[in-house]
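Work through the exercises below with the model open beside the text. Try each task before reading its solution.

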Amino acid sequence: MEKKSFLSKIYPFGKGLPKAPAKKESSHRRKKPFSFFLVLLALAASSCKDYLDVVPDNVATIEHAFKLRNEAEKYLFTCYSFLPKNGDGWYNAGLMSGDEIWLPQASQTHWHPAYRIALGQQTKDAPLFDEWAGMRKGNGGWNDHLKIYRGIRHCNIFLANVKDPNKVPDLTPEERIRWIGEVEFLKAFYHFYLFRMYGPIPIVDDIPATDEPSAKRMPVDEVVNYISNLLDQSVEKLPARIFDENKQMGRITQPIALAVKAKLWLYAASPLFNGNADYAGFTDKQGVALFNPTYDQNKWVKAAAAAKAAIESAEQNGHALYKYTTDVYNLSQVTKTQLNIRNAVTNRWGTEHVWALSNSYFINERLCMPPMERGSQNSRFELQAPWSAPIKIAKMFYTKNGVPIEEDKTLDFTNYSAVKVAGAEENFNIEANYKTARLNFDREPRFYADLGFDGGIWYMKDGNPTGSDVNTFYVKSKNGDKAGFGDFVNWNETGYFIKKLVHWESTTNGTNAPTWKSYPWPEIRLADLYLMYAEALNEVQAGSPVAIEYLDKIRERAGLKGIVESWSNFSKNPSKYTSQTGLRDIIRRERLIELAFEGHRFWDLRRWKLAGEELNKDITGFNIMGKTPETYNNERVVFSQKFITPRDYFWPVGNYDIRRNQNLVENPGW
């Protein structure tokens, strides 16, 4: 029996979940929903407003909400309902606001507030992706149901009532403890979510006595310690794992809480928050410094300890790196390695998913996958593929030798757009005898697992009647080709498609609409924890061999040799991993590759203070107007991206809130 999230089990097809506001979409997007599931979700959600419309000021309503277990449980799910909808690119700031995924520039059909941030259109007059607006009671907006401060308010109401032993008399002591722990976690996570966006934020630890705005921003270190302590409190009350998987998948466990704590301290220890002199003069209205300009090495110690604790808890409770071991199609080792990588993300409730968001399944597969050669589905509405990766992202992946393309002493990528013909040895990565760019040859398995490209093999279970990876789907994306430029709204701007996020068992062949096999969005994978631990260890102990050991676990799953062997044998800088600076560069690149297209790069570039460098580079792609290999495989500038330092490292609070609350100060540069 398929595992279901606790929300979908108790409230089928979204019943009882928050009603999503109408998105400001193009008529093209509104014509047809993404899937039958989403139609049911929208219909059910639109009619289920009974407990979500609880008004905090209405005492009678609140008292009624906590008279009985059944109503209190509904309020518990209200607190859960503010978790980010990261499975939809429309709502995932980390996925769409940076430089990792790009959209067609000549059409605004797929543009949305997160992507407009990538275009440099953020403003303090009307902030895009404005989570601060949740401080305003009754505020509307494009993502009204995601107002995180409103979620914190509901958490505080819940805790104030459920902690009262005289409330909810039919609640068992064990349930009361667990529910309190879950909501303490949610309250902590919502604060972390805002901290990552805005830096110093108000700590909202109780129910405001009045709706008059008076909250003031607290120093970064106080915010971090508050969140960390709240997570510690929650861990003591949470279950180690979910045993009733049919009813409770997606509810918070100890490994989830410990993983978020590890991420919190990783951010706190990183350059953006740890001794950042750029914000040395940033104070509140009373002159209190909001950033500590003094570097604190002990934050890395705490980050390493938190990551280790999270890993131990996850592994003890059944989490492990995913590996494809159930082959029934006699697949090549090349394809099986790629499925190791793809399924680590798309496998439903997989063991690698320390935290999968049960409230948010990935719904954008059609925005990733184009029509395929040897496939009979040619509709550019059903297979749209406007999500594209810039060439710099394609360059980021290693060579087949496991080192960066600019470091490999045995392979020359100087003329990476030169046309080359695929030989028989490439037949599971590139269509035989196909002419494509040099950049697409001799690359690591994650390159081929994550990216589609002109001439690239795209394995899907229905790409061959037998399920084989021989004579299966491949991409042709030159101008006029099935996957190339030509549709009036749906085309790929750079020539690189996002294969990683498409479930390999989705049914895309045939003339009927595809049947997408969706999956809960993997907010935190075990590989992420390994990378966190390695990064923190290297900062505590330069060139840490244990850090390398954890990197090698990930590389082995990805079909690569270990760090020491790869750099010693193939790098122009063979001793790079022996220094703290060198290993830091390796860890960061490994993280960007392993977690590509999962919404982490946007935040990592910021916390490393590298966004000012990376997000001031041009977005480039191949010449999608070209009709021959020679004219197509030429790099062109798609967009000249701009990032203003230090302004763009944090969201603006916005003029409206700054003016109405005299205690607030705006982020520097805004």
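The exercises go from the whole protein to helix pairs, strands and single residues.

This is a predicted model, in which local features need pLDDT of at least 70 and side-chain atom pairs count only at pLDDT 80 or more, while totals for chains, interfaces and linings use all residues. Residues are numbered from 1 along each chain as its sequence is written, and side-chain values use heavy atoms, with hydrogens and water left out.

**Exercise 1. The whole protein**

Task: State how many helices and strands the protein has, and what share of its residues is buried.

Solution. Step one: the secondary structure consists of 24 helices and eight strands. Helices (H or I, at least four residues) and strands (E, at least two) are DSSP runs, numbered from the N terminus. Step two: 63% of the 670 residues count as buried. Buried means under 20% relative accessible area, exposed means over 50%, and partly exposed lies in between (1.4 Å probe, protein chains only).

**Exercise 2. Helices H5 and H9**

Task: Describe how the axes of H5 and H9 cross and which residues make the contact.

Solution. Step one: two packed helices are described by the angle between their axes and the distance between the axes. Axes are lines fitted to C-alpha atoms, for helices over the stretch in contact, and angles run from 0 to 180 degrees between N-to-C directions. Step two: the axes of H5 (residues 69-80) and H9 (residues 173-198) come within 10 Å and cross at roughly 20°. That makes H5 roughly parallel to H9. The cut-offs are under 35 degrees for roughly parallel, over 145 for roughly antiparallel, 65 to 115 for roughly perpendicular, and oblique for the rest. Step three: the contact (heavy atoms within 4.5 Å) involves Arg69, Ala72, Glu73, Leu76, Cys79 and Tyr80 of H5, with Glu175, Trp179, Glu182, Val183, Leu186 and Tyr190 of H9. Step four: by class, there are eight nonpolar, no polar and four charged residues in this contact. Ala, Val, Leu, Ile, Met, Phe, Trp, Tyr, Cys and Pro count as nonpolar, Asp, Glu, Lys and Arg as charged, and the others, Gly among them, as polar.

**Exercise 3. Helices H17 and H20**

Task: Decide whether H17 and H20 are roughly parallel or antiparallel, and class their contact residues.

Solution. Step one: the axes of H17 (residues 526-540) and H20 (residues 580-594) come within 10 Å and cross at roughly 165°. Step two: H17 and H20 are therefore roughly antiparallel. Step three: the contact of H17 with H20 has six nonpolar, two polar and seven charged residues.

**Exercise 4. Strands E6 and E7**

Task: Find out how far E6 and E7 are enclosed, and which strands they join.

Solution. Step one: in E6 (residues 520-525), six of the six residues are buried, so E6 is largely enclosed by the rest of the structure. Step two: E1 (residues 353-361) and E6 run antiparallel and are joined by five bridges; two strands pair if DSSP finds at least two bridges between them. Tyr361 stands opposite Pro520 in E6. Step three: four of the five residues of E7 (residues 618-622) are buried, so E7 is largely enclosed too. Step four: five bridges join E7 to E8 (residues 635-640), and these strands run antiparallel. Phe622 stands opposite Glu635 in E8.

**Exercise 5. Thr335 and Val546**

Task: Say whether Thr335 is buried or exposed, then do likewise for Val546.

Solution. Step one: Thr335, in helix H14 (residues 333-346), has 4% relative accessibility and counts as buried. Step two: Val546, in helix H18 (residues 545-557), has a relative accessible area of 33% and is partly exposed.
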